[in-house]
Amino acid sequence: MNFEDNPEQAEYRTRVRAWIENNAPDMSGLSPDERRAWHPAHRAVAREWQAAKADAGYACISWPEDWGGAGGSAIEATIFLQEEQRAGLQFMYFSTGLQMLLPAIMEHNRDDLSRSLVPAAVRGDTIWCQLFSEPSSGSDSAGVRCVATRDGDPGSGSGTGDWVINGQKVWNSGAFHADYGMVITRTDPDLPKHKGMSAFWLDMKTPGVEVRPIRMMSGDNELNEVFLTDVRIPASQMVGSEGDGWKVILTTLSNERAVVGSGTGLNWRDVVALAREVPDFDGSVMEDPAFREWLADYYVGSEAIRLLSYRTLTALSRGEAPDGGGAKVLWANQTQEMTSQVLDFLDRYGLIEDPAIAPANGAFQHRFLWAPGLRLGGGSDEIMKNIIAERILGLPGDIRVDKGVPFREIPHGR
Amino acid sequence: MDFDYSDDQRALKDEARRFLADVSPLSVARGVLDDPAGGLDQALWSRIGEQGWCGAAIPEAYGGFEFGYVELCALAEELGRAVAPVPFASSVYLFAEALLLAGSEEQKSSLLPEIATGSLIGTVALSEGPGVLASERVATSFAGGKLTGTKLPVIDGMAAGRAVVLAQGGDGVQLVLADLSGEGVTREPVSTVDPTRGAAQITFSGAPAEPLGEGGDGLAQLSRIQDRAAILIAFEQLGGADRCLEMARDYALERYAFGRQIGSYQAIKHKLADVFVRNEVARANAYCGAWALSSDDAELPLAAAAARVSACTAYWQASKENIQTHGGIGFTWEADCHFFYRRARHLGLVIGSQREWKRQLAGCLDAKLAGEEAERLRA
């Protein structure tokens, strides 16, 4: 029971810490606005940092060397991530591609074109997005209605064998800036819904792909809707085989929850630092017993998220499967409650979102307006609790009316 | 990085679980509940003593077996799971730790060997009335080697042979060591919400006693003792909370309503998923506490408060939702659910309520941040 690195891990940590210190991009010249995600200046810094990491072998540490990785362990990758976070370097542009989508492509696709996508992504030259959710397929991620039909079969002398995609996707993070995407489609509506889906990768500049940013309640527009109209792509861009779509979804989503659940952003230090500055009935907010009670509850939850990552790491280093679960739903809810609490103790002044006036450049207010999305993206609270109940506690799945029914016969709205 | 039990510790824990399943089924706790006169199961206490568990963290020099603190945490988790009706917490987490932290060489040498085998039971006598423990609410006095006053409740006060008592001495409150079987001590049982752990009202009328170690600030010493006990008790709470979740899960699989297992309804699934998350929070913080305890880390007070706050929350939630999941049957005397509901409350108060610990936790965070800021300024 200890938090210490073994000698090998300690040596690795020292090495990467020094490397990060010597190579970290200088962000001191960026304005608060330029430090926000998806601002071109922010993205440029992220890209520069990713390329530096790739040159030094730190971009995809646990990948095999053949794929541009360092052939390192999951522990080394985690140590590097921890050191990056320690240095305040947290960029999210490349994780969708590198941690969720490309591993699936690397596993299933052997052709040169598919393989050639990897090095550019590793260097941060390309950004990927996932095209999974649909207007009528959110939590029910197998309810995909976006259709892919095959244009004949060149083997039997008719058509090109290309696939033609039609449909709409939504909540696609970063799609507006993305170079590539992975799309889940319905390829056989006569099969039960989990069986008739297939995945493809595609160039976001392919004719017929139209991306429209969605303005969220926080004012941000990093989420998008994507319309696919007669989008024609070669059969070689199918990820896995026809009908493997659900398998691909499951692998990528479990990776997403690991990424989303790792708990980044504002923490108890930011809260305490502010609470000390804000006057209260007597003294500062920090001295208020009700606030201190709340702070204790918040701390044990947020500390647990940090500590659970150490348990995951321990399991990995012992060659055991990490049990996980719970961290994502906990983090999302904690963040929402924390921002609301901070606004509350600022009292009337808590209303101000203007970064030029509000404490911490309005970070708490901005996070407050983002928080509902944290409880929805990457598996809603309700889905996460179903997963905990069914996969960890072993409770039965819901009774389903869509089981074993051909997809085209499943009732749906609108 | 090794943030889990080691293989040896897991083996010890598995062995303890098998042992307790054999010697401490819930029928043993029920025996004490139905006939709470002694406030413990003497036969079970003897069996636990034979295992050497009471001396798990006591150094060999004082007759202990020195397995280690993480090992003691593992045993605590299993004892909590079994809701064992024994004075283990009072004797081992509180009394033995008080002696180890503050006792004189002579006190340690004479008492710890008997504590280690279980032949002597120790406890702490602190509270005198409602409300948070504070020096102005300690009326019991210690002067000229004599102790006078009434302590209520004293957990395991009927079974214990010795107690560490909080009393007003010459220079404020201090900890003193009293022989409960000696002259000037009268005690009578007090019924509590958890009769499987006995309690007493103890009146000292000029009872002979001696300062614990060198004396000193009693509340500061008590705080250090309780920090260590809080971590060990957190493991008992965690074991109990886990068992509640398993009981609720098993019942939800077995019970049918409206033609289906109640565990297939999201109302039940989501409730139990919430319990699972709270238990995970408690587990993570308890493990951190175990690390702090075994390495005697400077952040022990913070780790202890976090372990305690999260364990109190988890056990309370798990024990009440276990009854809720069982429905009416869970509310009966005959069902086992109430053992955990009672024990959750008992453990949640026995070393001070969550309110006290939350206060400590916030203070630790304030100090930690100030320390980090000072260090940054120096650098």
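**Figure 1. Salt bridges between chain B and chain A.** In this predicted model, eleven salt bridges are counted between chain B and chain A, while the count over all chains comes to 52 by the same rule. One of the pairs is formed by the side chains of A:E390 and B:K269, which meet with an N to O distance of 2.6 Å. B:K269 also appears among the three residues, together with B:M1 and B:F3, that supply 18% of the area that chain B buries against chain A, more than any other three residues.

**Figure 2. The salt bridge of B:E372 with A:R269.** The closest N and O atoms of B:E372 and A:R269 are 2.6 Å apart, and the two residues form a salt bridge. Because B:E372 lies in helix α11 of chain B and A:R269 in helix α7 (residues 268-277) of chain A, the pair joins two chains. Both partners retain some accessibility: B:E372 counts as partly exposed at 22% relative accessibility, and A:R269 is likewise partly exposed, with a relative accessible area of 29%.

**Figure 3. The contact of chain B with chain A.** Across this interface, 53 residues of chain B are in contact with 51 residues of chain A. The area buried between chain B and chain A is about 4700 Å², and carbon and sulfur atoms give 62% of that area.

**Figure 4. Salt bridges within chain B.** B:E78 and B:R17 form a salt bridge in which the closest N and O atoms are 3.0 Å apart. Since B:E78 lies in helix α4 (residues 69-81) of chain B and B:R17 in helix α1 (residues 7-23) of chain B, this pair ties together parts that are 61 residues apart in sequence. The accessibility of the partners is given separately: B:E78 counts as buried at 2% relative accessibility, whereas B:R17 counts as partly exposed at 35%. A further salt bridge is formed by B:D250 with B:R249, whose closest N and O atoms are 2.8 Å apart. In that pair, B:D250 is partly exposed with a relative accessible area of 39%, and B:R249 is partly exposed with a relative accessible area of 22%.

**Figure 5. A salt-bridge network in chain A.** A:D5, A:R13, A:R17, A:E83 and A:R86 are joined into one network by salt bridges that share partners.

**Figure 6. Packing of helix α9 against helix α11 in chain B.** The axes of helix α9 (residues 300-326) of chain B and helix α11 (residues 354-378) of chain B come within 9 Å and cross at roughly 140°, and the crossing in which α9(B) passes α11(B) is left-handed. On the side of α9(B), the contact is made by residues including B:P301, B:L302, B:V309 and B:C312, and on the side of α11(B) by residues including B:W357, B:L361, B:C364 and B:L365. By class, the residues of the contact of α9(B) with α11(B) divide into eleven nonpolar, three polar and three charged.

**Figure 7. Packing of helix α9 against helix α10 in chain A.** Helix α9 (residues 327-346) of chain A and helix α10 (residues 363-374) of chain A pack at an angle of about 145°, with their axes 9 Å apart, and α9(A) passes α10(A) in a left-handed crossing. The residues that make the contact include A:W331, A:T335, A:M338 and A:L343 of α9(A), and, from α10(A), residues such as A:F364, A:F368, A:A371 and A:P372 are among them. Eleven nonpolar, five polar and two charged residues make up the contact of α9(A) with α10(A).

**Figure 8. Backbone geometry at B:P153, B:D156 and A:W38.** A cis peptide bond joins B:L152 and B:P153, with omega about -10°, and B:P153 is found in strand β3 (residues 146-155) of chain B. B:D156 is found in the loop between β3 and β4 (162-169) of chain B, and its phi is near 60°, a positive value in a residue other than glycine. At 2% relative accessibility, B:D156 counts as buried. In chain A, A:W38 lies in the loop between α1 (7-23) and α2 (40-56), and the phi of A:W38, near 75°, is a positive value in a residue other than glycine. A:W38 is buried, because its relative accessible area of 12% falls under the cut-off of 20%.

Conventions:
Residues are numbered from 1 along each chain as its sequence is written. Chains are lettered from A and ligands numbered from 1 in the order in which they are written. This is a predicted model: local features need pLDDT of at least 70, side-chain atom pairs count only at pLDDT 80 or more; totals for chains, interfaces and linings use all residues. Side-chain values use heavy atoms; hydrogens and water are left out. Axes are lines fitted to C-alpha atoms, for helices over the stretch in contact, and angles run from 0 to 180 degrees between N-to-C directions. Helices (H or I, at least four residues) and strands (E, at least two) are DSSP runs, numbered from the N terminus. A crossing is left-handed if the near helix is turned anticlockwise from the far one by less than a right angle, and right-handed if clockwise. Contact means heavy atoms within 4.5 Å. Ala, Val, Leu, Ile, Met, Phe, Trp, Tyr, Cys and Pro count as nonpolar, Asp, Glu, Lys and Arg as charged, and the others, Gly among them, as polar. Buried means under 20% relative accessible area, exposed over 50%, partly exposed in between (1.4 Å probe, protein chains only). Buried area is the accessible area (1.4 Å probe) that two parts lose on being put together, summed over both. A salt bridge is a side-chain nitrogen of Lys or Arg within 4 Å of a carboxyl oxygen of Asp or Glu.
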